[in-house]
Amino acid sequence: MAMGTWDAISVTELENNIEQTRGAIFYFNKNKKALFTNMIEELFLPVFKLSDSEKSNLKTCSPQTFFAIYKTPFERVCDDLRINYQVPEPSRSLFNIIIQAQKHYQGFKQIISNEIKQEIAFIHHIIGINSTLTLDLDKIYALSAGRIFLDSLC
């Protein structure tokens with residue numbers, strides 16, 4: 001899914017890429033659309049969302065440490081693709097997943113938008129508690145997405 005369009009991927013390619021038989025794939029998923037939905041819900045969204053344990057760790061940081069270790073949702077997904085799935089071009093794959101999910105996962109855009117808003121609110125809360133530092137988080141996210149986009153072109 002990270003490398004091509006969902007419409008163009010055959011069930012045979014899925015079998016080979018996820019190392020499962022057709023029977024195993026469709027035992028747990030009634031069709032290819034259900035498989036896509038499960039992949040987004042079980043593999044993409046948990047990484048995109050800031051987990052409770054990550055929130056707990058970030059809450060205790062100084063502002064300097066916070067910004068040294070904090071990664072945007074886009075950076076977290078790219079890291080996950082590179083580390084856990086050995087995807088050679090994670091930035092390009094991230095954009096592909098987002099495009100495919102907007103097409104095949106109902107409500108995806110709203111879910112992502114809500115998660116980003118919640119994360120920004122969390123960061124404002126943390127930084128407000130720990131510092132008088134004011135931030136333009138929209139700029140931080142735009143720079144992150146822009147950097148990932150440029151990486152995807154290489």
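Mentor: Start with a definition: a helix here is a DSSP run of H or I with at least four residues, numbered from the N terminus. The model is predicted. By that rule, Ile120 lies in helix α8.

Trainee: What makes Ile120 count as buried or exposed?

Mentor: Buried means under 20% relative accessible area. Ile120 has 15% relative accessibility, so Ile120 counts as buried. Ile120 and Thr72 are 48 residues apart in sequence, yet their C-alpha atoms are 9.8 Å apart in space.

Trainee: How many helices and strands does the chain have?

Mentor: It has 9 helices and 0 strands. Along the sequence the pattern reads α-α-α-α-α-α-α-α-α.

Trainee: What share of the chain is buried?

Mentor: Buried residues make up 39% of the 154 residues. For contacts, take residue pairs at least 6 apart in sequence: 67% of those contacts join residues at least 24 apart.

Trainee: Why is the largest nonpolar core called a core?

Mentor: The name requires buried residues of the nonpolar set, joined through side-chain atoms within 4.5 Å. The largest such set has 25 residues. Ile40, Phe44, Leu94 and Phe108 touch the most other members.

Trainee: Which helices supply at least two residues of this core?

Mentor: α3 (32-48), α6 (73-85), α7 (90-104) and α8 (108-130) each do. α3 gives the most, with 7 residues. A second, separate core has 9 residues, including Leu50, Leu58, Phe66 and Phe122. As background, nonpolar side chains in soluble globular proteins tend to be buried together.

Trainee: Take α1. Which of its residues are buried?

Mentor: In α1 (residues 11-18), Val11, Leu14 and Glu15 are buried. They cover an arc of only 100° around the axis, which puts them on the same side of α1. The general background is that an α-helix has 3.6 residues a turn, so residues three or four places apart point the same way.

Trainee: What is exposed on the other side of α1, and what covers the buried residues?

Mentor: Asn16 and Asn17 are exposed on the other side. The cover over the buried residues includes α2 (22-28) and α3. Glu19 follows α1 and has a positive phi, near 55°.

Trainee: Where is Gln86, and what makes its phi worth a note?

Mentor: Gln86 sits in the loop between α6 and α7. Its phi is positive, about 50°, although Gln86 is not a glycine. In general, most residues other than glycine have a negative phi.

Trainee: Why is Gln86 called buried or exposed?

Mentor: Exposed means over 50%. Gln86 has 57% relative accessibility, so Gln86 counts as exposed.

Trainee: Now His104. How do you know which class to put it in, buried or exposed?

Mentor: His104 is in helix α7. Its relative accessible area is 16%. The limit for buried is under 20%, so His104 is buried.

Trainee: What does His104 touch beyond its neighbours within four places in sequence?

Mentor: His104 is in contact with Trp6, Asp7, Lys33 and Phe36. Trp6 is 98 residues away along the chain, but the two C-alpha atoms are separated by 8.4 Å.

Trainee: What puts Asn96 in its burial class?

Mentor: Asn96 is in helix α7. Its relative accessible area is 15%, and the limit is under 20%, so Asn96 is buried. The C-alpha atoms of Asn96 and Trp6 are separated by 9.6 Å, with the residues 90 apart along the chain.

Trainee: Glu115 carries a charged label. Why is it called buried or exposed?

Mentor: The residue type does not enter the test; under 20% relative accessible area means buried. Glu115 has 16%, so Glu115 is buried. Glu115 lies in helix α8. Leaving out residues up to four places away in sequence, Glu115 touches Phe48 and Lys49.

Trainee: Last item, the second largest pocket. What is its volume, and which residues line it?

Mentor: The volume is about 160 Å³. The lining includes Val47, Leu50, Glu54, Asn57, Leu58 and Ile69. Tyr70, Lys71, Arg76, Asp79 and Asp80 also line this pocket. α4 (52-59) and α6 each supply at least two lining residues.

Trainee: How many lining residues fall in each class?

Mentor: The lining has 5 nonpolar, 1 polar and 5 charged residues. Asp, Glu, Lys and Arg count as charged, so Glu54, Lys71, Arg76, Asp79 and Asp80 belong to that class.

Technical notes. Residues numbered from 1 in each chain as written. Predicted model: local features only at pLDDT ≥ 70, side-chain atom pairs only at ≥ 80, totals over all residues. Heavy atoms only, no water. Buried < 20%, exposed > 50% of the residue type's maximum accessible area, 1.4 Å probe, protein only. 1 Å grid on protein atoms, 1.4 Å probe; cavity = no way out; pocket = protein on both sides within 12 Å on 5 of 7 lines; lining within 4 Å. Points joined across faces, edges and corners; volume = space filled by probe spheres on them. Arc of directions from axis to C-beta. Contact = heavy atoms within 4.5 Å.
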